[in-house]
Amino acid sequence: MNDVMETTKDLSKYGLENATAHWNLSAETLQQITVDKGMGVESENGTLSVNTGKFTGRSPKDRFLVKDDYTKDKVWWGRINKPISPENFDKLQAEVVNYMDGKELYVRDAAVCADPKYKMNVRVIAEYPWSSYFIKNMFIRLSEAELQNFEEEWLVLCAPGYECPNPEEYGIIAGNFSILNWSKKVALVGGSEYPGEMKKGIFTALNFVLPVEKNVLPMHCSANVGEEGDTAIYFGLSGTGKTTLSADPKRKLIGDDEHGWTEENTIFNFEGGCYAKVIDLTEEKEPDIYRAIRPGALLENIVFKEGTKEVDYFDSSITQNTRVSYPIDHIDNIQTPSYATNPKNIFFLTCDAFGVLPPVSKLTPGQAAYHFISGYTAKVAGTEAGINEPVPSFSACFGEPFMPLHPAVYAEMLSKKMREAGVNVWLINTGWSGGPYGVGSRIKLKYTRAMISAILEGKLDEVEYDAHPVFGLHMPKYCPGVPTEILDPMNTWLQKGAYVSKSIQLAHSFHINFDKFASEASEEILNGGPLIDSHHGLDDHF
């Protein structure tokens, strides 16, 4: 693509009368400008590396949604979804525009949603050249013809250098903010250089628009497709193996983070790139990500080995959240274009550090909805002095910070689509077996891969199942490539009573967490939870 310089008239409709606009610059040009301005450096293989300053991750407490006639009765307001008035938004937008006017700005015209029927044009006007570089990587890149008559549906204004001097007057908490306005279709990011705020802002926008207006289920998941066209979806929070397990040499990657499931029975990627953590990265552990880090990619907050330009992926002195963004075509084995037909199997990945949940279990529709709303994993807290117990962690729909609607809305949509598609849902525990963290051991990756392969090949369709006495999960009695004794976790504990006690403890955590959703959940979903009263034997239902 030829780099072009546009005059300010193209930005005047946004109130940017005096800005200089660089329009849709190539990666090479953006990289050169970033280096020339002293905002980034190149690694030894030519990959651009930047530091995101004070914020090395999202700031959830500084995220707000405009509460107006369109959103007031639809958004699930609370700790996650905090309101801001339309008047305060307008004032803040005017302040940001005033700050950006007269500056050198970088405009990127792109799209999200790979399925042509749902494709949405997004224009990003950014203060920093490398913010534009990030969007070029992460959103869907358009052809010259598509750019000719481009009109945006959503606008992102990204001003990392602007901090609100008197946040209380605008109804926000701090000088930095990330705000969405569905009526104006504007995302406003200020005071934070972390580019993930832009990506997750548009993801959150879609998580409202797609279910409310298009009857599409948005999902925080990875997805791949086999040679026979069979799609698989992988939900999971950080550290559960979502990226690792969806990278399968026998299957093509659709996308690694955000997807939609349509009425027309397709699964489509929201994005045109990948945004991966690189802490402790090795070529052996994550070959696809490691090899994707080359010119055209953008590294964040990494540290070089002393006296060199070689990246030290084990250095977390800036942050544990070191990252890379790269276009999806930096991965060899991808689905093009990035959508496919209805899934046959859905995997909920959890790292259960209590050693309670089975390594693989099959879920009923009610259980699937319950575990989807719960979004459980466990954090290992052994790094803190005196804390040896794992800590349960719940994130509704495996992506609570980005879900504007009540989690039950997404769960009901998932249940309905599961039934219509005849899809199987599986809970995969990539955590501990034989006892909790500190006693048992982590389930081997080769066993988890064998379980997923067996499911994808239909080898668990005909085997017998037992029901878990506390959680009611259906555990296969046999799985090829996996030792039979680990399939029922109670078998792996030396003290069966200790196992039952720990199971009941975890079940209580599930129930306590679910209380806030119970009023909106159907009877079927409520019945999909743990069966605490039946811990002395199988529930009559089974």
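This passage walks through a predicted model, starting with its nonpolar cores and moving on to a helix, a set of annotated residues and a loop glycine.

The largest nonpolar core takes in 104 residues, and the members that touch the most others are Ile346 and Phe348. The biggest contribution to this core comes from helix α5, spanning residues 196–214, which supplies eight residues. There is also a second, separate core, made up of 28 residues, with Leu92, Leu105, Val186 and Leu188 among them. Back in the largest core, Ile346 has plenty of company: with neighbours within four places in sequence set aside, its contacts are Ile233, Phe235, Trp261, Leu414, Met418, Val423, Asn424, Val425 and Trp426.

Two of those contacts of Ile346, Leu414 and Met418, turn up again in helix α9, where both are buried. The other buried residues listed for α9 are Pro407, Ala408, Tyr410, Ala411, Met413, Ser415 and Lys417. Helix α9 covers residues 407–421, and its 15 residues, at 1.5 Å each, should span 21 Å; the C-alpha atoms at its ends are indeed 21 Å apart, so the two figures agree. Just past the helix comes Gly422, which adopts a positive phi of about 65 degrees.

Now for the annotated residues. The unreviewed UniProt entry puts the feature "binding site" at Lys200, His220 and Asp257. These residues are spread over 58 residues of sequence, yet they cluster in space, with a largest C-alpha distance of 10.6 Å. From this set, Lys200 is part of the lining of the largest cavity.

Lys200 sits in helix α5, the helix that gives the most to the largest core. With a relative accessibility of 11%, Lys200 falls under the 20% cut-off and so counts as buried. Beyond its sequence neighbours within four places, Lys200 is in contact with Arg58, His220, Asp257, Glu258 and Phe402, a list that includes the other two annotated positions.

His220 belongs to strand β12, residues 217–225, and is buried as well, with a relative accessible area of 11%. Leaving out neighbours within four places in sequence, its contacts include Lys200, Phe203, Phe235, Lys242 and Asp257, along with Glu258, Phe398, Gly399, Phe402 and Met403. The side chains of His220 and Asp257 are joined by a polar contact of 3.0 Å.

Lastly, Gly458 is found in the loop that runs between α10 (445–456) and β30 (465–467). At 28% relative accessible area, Gly458 is partly exposed. Its C-alpha atom lies 50 Å from that of Ala159, a residue 299 places away along the chain.

Terms used. Residues numbered from 1 in each chain as written. Predicted model: local features only at pLDDT ≥ 70, side-chain atom pairs only at ≥ 80, totals over all residues. Heavy atoms only, no water. Core = buried A, V, L, I, M, F, W, Y, C linked by side-chain atoms within 4.5 Å. Buried < 20%, exposed > 50% of the residue type's maximum accessible area, 1.4 Å probe, protein only. Helix = DSSP H or I, 4+ residues; strand = E, 2+ residues; numbered from the N terminus. Contact = heavy atoms within 4.5 Å. Expected span 1.5 Å × (residues − 1). UniProt positions renumbered as here; feature names shortened; annotations may be inferred. 1 Å grid on protein atoms, 1.4 Å probe; cavity = no way out; pocket = protein on both sides within 12 Å on 5 of 7 lines; lining within 4 Å. Polar contact = N/O pair within 3.5 Å; in protein donor to acceptor, adjacent residues only side chain to side chain.
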